[in-house]
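Here is my note on the model you sent round, set out as numbered points. Please read it beside the sequence and the coordinates.

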Amino acid sequence: MDGTIFRGRAGALATLHDEFERGERLVTVLGAAGMGKTALARRFAYGAPQLFASSLGEGTPVAWCDCALATSEEHFTRALAASLGAPTGPSPYASSSPAVDRLADALTLRGSLLLVLDHLAVPAVARTVVEHLHATCRELRVVTTGRTAAGFEAEVTLALEGVTAAEGVELWSLFEGARAPAPIVEAVVARLGANPLALELFARVDARDPLERRLEALGAAPLPLDEVLARVWATLRPREQRCLAEATVFAESFSLESAEAVLSVAAGS
């Protein structure tokens, strides 16, 4: 079971299931940063076994490819091959795109597979490869996450909007660990553009600071996520800012042991 906090997206999860149930094979989950696109894809792939099995088939494997750093077709192809454990050398079959054909060979041999292309920031670098695989590998299903539609042929889009006021109140209790007055939390949700990540950051920045004062500091206009991030960054001590800056050496998640091995902080700090 995936441990990601997941609330307020039951409808989107059901829609994702329904698209595959209807026979769609390429779905892009799109939305602004922080809306929970990755969390939705993870819950479908790893945390909703009944939905997953009913729409894709019992025992269908999952391949997860983080595309955040893929800025060219070559980078994307290599990232995809690594996630599949497939070679990228020349295919024994004649082709103008040997690496793509080698991937298609590997996928065809595997049969049914769910491929998640997470954080596809530059869809153009993946278009040729994905459309070739989609046309060649008939048992392949693809979920893509990004801020905009990828523009693939046969692509179906699922847009994530902000959470509702009630969902925001529920998320707040999870993030801060306390039940705050619902009207105040609802006002915070509105000021944060109903963005789940912004809400989490704001709830956890300093629970000792009265919520009413934090709400007043937000101002009247909704804040974009970038502004929320800037405000949270400003609340950190210099040592904390340095640690986070150094942690960007990790492309994806990392363990405490890995962080202590490379960050310039005292052991056990």
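1. With the side chain of which residue does the side chain of Thr 145 make a polar contact of 2.5 Å? The partner is Asp 118, where a polar contact is a pair of N or O atoms within 3.5 Å, one able to donate a hydrogen and the other to accept it within protein, and where residues adjacent in sequence count only if both atoms are side-chain atoms. A polar atom of the Thr 145 side chain also lies 2.8 Å from the backbone nitrogen of His 119.

2. On provenance, this is a predicted model, in which local features need pLDDT of at least 70 and side-chain atom pairs count only at pLDDT 80 or more, while totals for chains, interfaces and linings use all residues. Residues are numbered from 1 along each chain as its sequence is written, and side-chain values use heavy atoms, with hydrogens and water left out.

3. The protein has 13 helices and five strands, taken as DSSP runs numbered from the N terminus (helices: H or I, at least four residues; strands: E, at least two). Of its 269 residues, 42% count as buried, that is, under 20% relative accessible area, with exposed meaning over 50% and partly exposed the range in between (1.4 Å probe, protein chains only). The accessible surface comes to about 13800 Å², and 55% of that belongs to carbon and sulfur atoms; the areas come from the Shrake-Rupley method with a 1.4 Å probe, and for residues only the protein chains shown count as cover. Among contacts (heavy atoms within 4.5 Å) between residues at least 6 apart in sequence, 71% join residues at least 24 apart.

4. The five strands form an open sheet in the order β2-β3-β4-β1-β5, with parallel pairing, two strands being paired if DSSP finds at least two bridges between them. Strands β2 (62–66) and β5 (156–159) stand at the edges with a single partner strand each, so one side of each is left without a neighbour in the sheet. From one strand to the next the twist averages 20 degrees, angles running from 0 to 180 degrees between N-to-C directions of axes that are lines fitted to C-alpha atoms, for helices over the stretch in contact.

5. Within the sheet, β3 (residues 113–118) pairs with β4 in the parallel sense over five bridges, and the bridge partner of Leu 113 in β4 is Leu 140. Helix α2 (residues 37–47) packs on the sheet, touching β1 (26–30), β2, β3, β4 and β5, and its direction makes about 160 degrees with that of β2. Helix α4 (residues 73–84) also packs on the sheet, where it touches β2 and β3, with a direction at about 145 degrees to that of β2.

6. At the edge strand β5, four bridges join β1 to β5 in parallel, and Thr 28 has Thr 157 as its bridge partner in β5. In a regular strand the side chains alternate between the two faces of the sheet. In β5, Val 156 and Leu 158 make up the covered face, whereas Thr 157 and Ala 159 make up the uncovered one.

7. Returning to Thr 145, this residue is in strand β4 (residues 140–146) and counts as buried because its relative accessibility is 0%. Leaving aside residues up to four places away in sequence, Thr 145 touches Val 29, Lys 37, Thr 38, Ala 41, Leu 117, Asp 118, His 119 and Leu 120. Of these neighbours, Lys 37, Thr 38 and Ala 41 are among the buried residues of α2, a helix that is mostly covered, with nine of its eleven residues buried.

8. A search of the whole structure finds four aromatic pairs, meaning rings of Phe, Tyr and Trp (its six-membered ring) with centres within 6.5 Å, counted as stacked with planes under 30 degrees apart, edge-to-face over 60 and tilted for the rest. The rings of Phe 20 and Phe 44 have centres 5.8 Å apart and planes at 15 degrees, so this pair is stacked. Phe 20 belongs to helix α1 (residues 10–21) and Phe 44 to helix α2, 24 residues apart, and the pair thus links distant parts of the chain. Both Phe 20 and Phe 44 are buried, and with Phe 52 they form one aromatic cluster.

9. In helix α7 (residues 165–176), Glu 176 counts as buried at 17% relative accessibility. Its side chain makes polar contacts with the side chains of Trp 172 (2.7 Å) and Arg 214 (2.7 Å).
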